[in-house]
Amino acid sequence: MTVRYHAAGTDTAHRDTRDWWRQAVVYQVYPRSFADSDGDGIGDLPGATSRLGHLAALGVDAVWLSPFYPSELADGGYDVADYRDVDPRLGTLDDFDALVAEAHRLGLKVMVDIVPNHSSDQHAWFQEALRSAPGSAARERYVFRAGKGEHGELPPTDWVSCFGGPAWTRLPDGWWYLHLFAPQQPDFNWDNPEVRADFRTTLRFWSDRGVDGFRVDVAHGLAKDLAAPLRDIGAVEACEPRDLPEDGSHPFWDRDEVHEIFRDWRGVFDEYDPPRVAVAEAWVRNSRRTAYATPQELGQAFNFDFLEAALRAGVLRACIDTALADARAAGATATWVLSNHDVIRHASRHGLPEACDAEAWLLSDGRRPALDREDGLRRALAATLLMLALPGSGYLYQGEELGLPEVADLDRAALQDPVWTRSQGRSKGRDGCRVPLPWRRDGSSYGFGSGGSWLPQPPYWGEVSVEAQEGDPAAPLEVYRTALRLRRRLLADEALEWLSGPDEAAGGLLHFRRSGGWHCVTNLSDTPQPLPGGTLLLSSAPVTGERLPPWTTAWVRTATE
Ligand code: GLC
């Protein structure tokens with residue numbers, strides 16, 4: 001399918017078509033860390049609304065809000081106590097409506113996070129289940145089982161939680177419940193029609209409030225093989241796609257039955273005009289990801305291979321080709337991500353030596369090996385301009401437009417992520433990419449709010465703030481702004497033609513052309529490379545003369561092609 005885009009500022013018709021998502025740039029807001037309107041140190045919805053102008057000026061198409069629902073914050077909001085309300089610390093439903101109205105006024109779509117694999121243990125259903133007898137209907141909404149061993153003292157299976165430790169917790173009455181994440185996140189039983197019906201209600205609830213789409217958390221976990229007896233799998237921390245079987249036979253990840261659920265959801269999305277869109281977070285093998293992304297299901301699925309790939313031309317080229325072919329096969333468009341709320345920010349990741357174990361680096365509080373911030377930022381911007389030239393959707397994470405590094409030296413006492421305690425200190429967790437944003441050079445919490453911030457901000461935060469970067473053409477913020485403005489003007493269809501061959505790829509050069517003579521050239525080597533002739537539109541680092549400096553991406557336009 002061909003989608004025609006028009007120049008920004010003169011025509012925004014493309015945003016109103018059913019296909020607005022196919023090549024959209026979506027900006028992820030982690031609400032607790034974006035902007036705080038009431039000075040309690042926690043970002044909130046009115047704060048986010050007040051900063052939507054920043055996103056419009058940046059030139060993104062949509063905003064995706066990470067969870068803002070009532071939550072005990074056992075997992076940064078991904079433990080949802082009520083799927084159809086706003087956490088009082090973050091605002092009210094009226095505040096949410098105001099955010100959607102303002103976003104739409106600015107021409108931005110709104111996507112929200114749906115967390116269907118598990119609820120919070122504070123959810124009314126789980127509380128009811130705790131009060132109810134084993135075998136009751138209330139317990140059937142979750143996964144309760146008797147334990148093994150003479151007195152049921154052993155967990156029902158050897159399944160391990162993604163955050164470390166057993167995936168089962170025992171209740172005072174002797175029964176165990178399943179949680180593939182923290183104990184405060186009990187897994188739903190998706191074989192239960194009541195669970196299915198309730199999520200349809202939730203999807204309609206937010207769609208009726210004007211939400212344009214959904215990001216589906218842990219989409220690959222919903223269907224489970226709960227037939228008795230439950231199967232042991234050999235206590236592996238099986239959260240990595242590469243550990244999963246190709247045939248859907250794992251007892252809880254990526255089972256074939258999960259697709260019935262998403263076909264059902266598609267029915268709900270299509271009740272709306274334009275249909276609501278969705279993107280799956282599915283940590284599955286490439287060969288099985290396309291199933292989530294078909295038009296009969298969610299429409300798009302995140303591909304994290306690009307995020308995980310080393311900045312080597314051959315690796316990236318293979319990853320891009322696979323992602324484009326998979327997306328085409330699904331009838332979807334590819335998705336590109338370099339940073340999100342779960343991973344080390346790419347400005348730091350790419351400043352570490354390739355062989356470096358990033359977890360170990362975090363555990364050393366960012367001391368060993370020393371991070372080369374300048375180098376990391378240079379590589380990160382080259383990767384970003386490459387990503388923004390690819391066909392498909394780009395998902396940006398708040399603060400990456402400022403080139404923010406990971407805050408690796410957070411004091412252990414300040415850490416909030418359950419990964420830190422659940423892994424018993426083997427992993428420092430994800431707080432370092434969730435530090436509240438710097439908006440201003442100085443002042444309380446650098447413009448985040450008037451009352452401090454829930455995670456400590458580093459002393460150099462003001463220097464990387466929006467205010468400090470505004471108007472400086474070499475600053476990451478202005479590079480992102482220019483890139484997004486140009487992208488809107490240049491986007492035509494979803495075609496890509498490689499002009500560098502696999503040999504050049506091995507030598508460190510990636511060069512492709514999009515329709516309309518838009519060339520993207522990335523030099524991932526230490527030696528200057530030739531630039532194609534034409535008009536240099538933008539580069540991730542200064543270009544002088546006719547050659548592309550090391551670790552730089554340039555966009556060039558040739559006159560007629
Ligand atoms: C997803 C979220 C992550 C969360 C987990 C459990 O992977 O992105 O932040 O911890 O699901 O909900």
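Two strands count as paired if DSSP finds at least two bridges between them. Strands (E, at least two residues) and helices (H or I, at least four) are DSSP runs, numbered from the N terminus. The model is predicted, so local features need pLDDT of at least 70 and side-chain atom pairs pLDDT 80 or more, while totals for chains, interfaces and linings use all residues. Residues are numbered from 1 along each chain as its sequence is written, and side-chain values use heavy atoms, with hydrogens and water left out.

One open sheet has 5 strands in the order β12-β13-β14-β18-β16, with antiparallel pairing. Its edge strands, β12 (497–498) and β16 (535–539), each pair on one side only. Between β16 and β18 (residues 552–557), which run antiparallel, there are 4 bridges. Here Thr 535 stands opposite Arg 557 in β18.

Two helices lie across this sheet. Axes are lines fitted to C-alpha atoms, for helices over the stretch in contact, and angles run from 0 to 180 degrees between N-to-C directions; contact means heavy atoms within 4.5 Å. Helix α9 (residues 313–330) lies across β12 and β13 (509–514), at about 35° to β13. Helix α12 (residues 373–389) crosses β13, β14 (518–523), β16 and β18, and runs at about 35° to β18.

A further open sheet has 8 strands with parallel pairing, ordered β9-β8-β7-β3-β2-β1-β11-β10. At its edges stand β9 (299–301) and β10 (335–337); each has a single partner strand, so one side of each lacks a neighbour in the sheet. Direction ignored, neighbouring strands of this sheet are turned by 25° against each other on average. Strands β1 (residues 25–29) and β2 (residues 62–65) run parallel and are joined by 4 bridges, and Val 26 stands opposite Ala 62 in β2. Helix α7 (residues 286–293) lies across β8 (277–280) and β9, running at about 145° to β9.

The ligand has 14 residues around it, of which Asp 75, His 118, Asp 217, Glu 281 and Asp 342 come nearest; a residue is near if one of its heavy atoms lies within 4 Å. The shell divides into 4 nonpolar, 3 polar and 7 charged residues, where Asp, Glu, Lys and Arg count as charged, Ala, Val, Leu, Ile, Met, Phe, Trp, Tyr, Cys and Pro as nonpolar, and the others, Gly among them, as polar. An oxygen atom of the ligand is 2.5 Å from an N or O atom in the side chain of Asp 342. For the side chain of Arg 430, the corresponding distance from a ligand oxygen atom to an N or O atom is 3.0 Å. The protein covers 96% of the 310 Å² of accessible area (Shrake-Rupley method, 1.4 Å probe) that the ligand has on its own.

Definitions and conventions. A polar contact is a pair of N or O atoms within 3.5 Å; within protein, one must be able to donate a hydrogen and the other to accept it, and residues adjacent in sequence count only if both atoms are side-chain atoms.
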